[in-house]
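Reader: I would like a close look at a single part of this model, namely its open sheet. Please describe how that part is put together, and then place it within the chain as a whole.

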Amino acid sequence: MSDITVKDSNGTVLEEGDSVTLTKDLKVKGTSETLKRGTLVKNIRLTSRPGEIECNTKKVKGLVLKSEFVKKA
């Protein structure tokens with residue numbers, strides 16, 4: 001996975017364990033939850049798919065987000 005670079009909405013390179021902030025409200029499929037803009041997500045994990053990150057929030061565990069909707073905190 002070291003050859004894949006994942007960038008946030010501002011073009012900053014993201015790495016394992018970084019903290020990110022959501023840049024828009026996101027509805028979570030399969031639940032009635034909506035993650036609000038400005039929510040801080042800590043300890044992200046990079047996936048083998050470019051442009052996607054895995055994370056946990058207080059409300060939703062095992063969440064996969066597109067990197068275009070986050071910025072590095």
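Author: Strands are here DSSP runs of E of at least two residues, and helices are runs of H or I of at least four, both numbered from the N terminus. On that basis, the protein chain of this predicted model holds 10 strands and 0 helices, so that reading from the N terminus gives β-β-β-β-β-β-β-β-β-β.

The open sheet is built from 3 strands in the order 7-8-9, with antiparallel pairing. Its edges are strand 7, covering residues 45–46, and strand 9, covering residues 63–66, each of which pairs on one side only. Strand 8, which spans residues 52–55, is joined to strand 9 in the antiparallel sense through 4 bridges, and in strand 9 it is Lys66 that serves as the bridge partner of Glu52.

As for the chain around this sheet, a compact globule of 73 residues would be expected to have a radius of gyration near 11 Å, and the protein chain agrees with this because its own value is 11 Å. Along the principal axes, the C-alpha atoms occupy a box of roughly 35 × 20 × 15 Å. Of the contacts in the protein chain with a separation of 6 or more, 50% are between residues 24 or more positions apart, while buried residues account for 32% of the 73 residues. The accessible surface amounts to about 4900 Å², with 46% of it belonging to carbon and sulfur atoms. Finally, the protein chain carries 15 positive and 10 negative side chains, and the centres of these two sets are 8 Å apart.

Note on methods
Residues numbered from 1 in each chain as written. Predicted model: local features only at pLDDT ≥ 70, side-chain atom pairs only at ≥ 80, totals over all residues. Heavy atoms only, no water. Pairing = 2+ DSSP bridges. Rg over C-alpha atoms; globule rule 2.2 N^0.38 Å. Buried < 20%, exposed > 50% of the residue type's maximum accessible area, 1.4 Å probe, protein only. Contact = heavy atoms within 4.5 Å. Areas by Shrake-Rupley, 256 points an atom, 1.4 Å probe, with all protein chains shown as cover. Lys, Arg positive; Asp, Glu negative; His and termini not counted. Charge placed at Lys NZ, Arg CZ, Asp CG, Glu CD.
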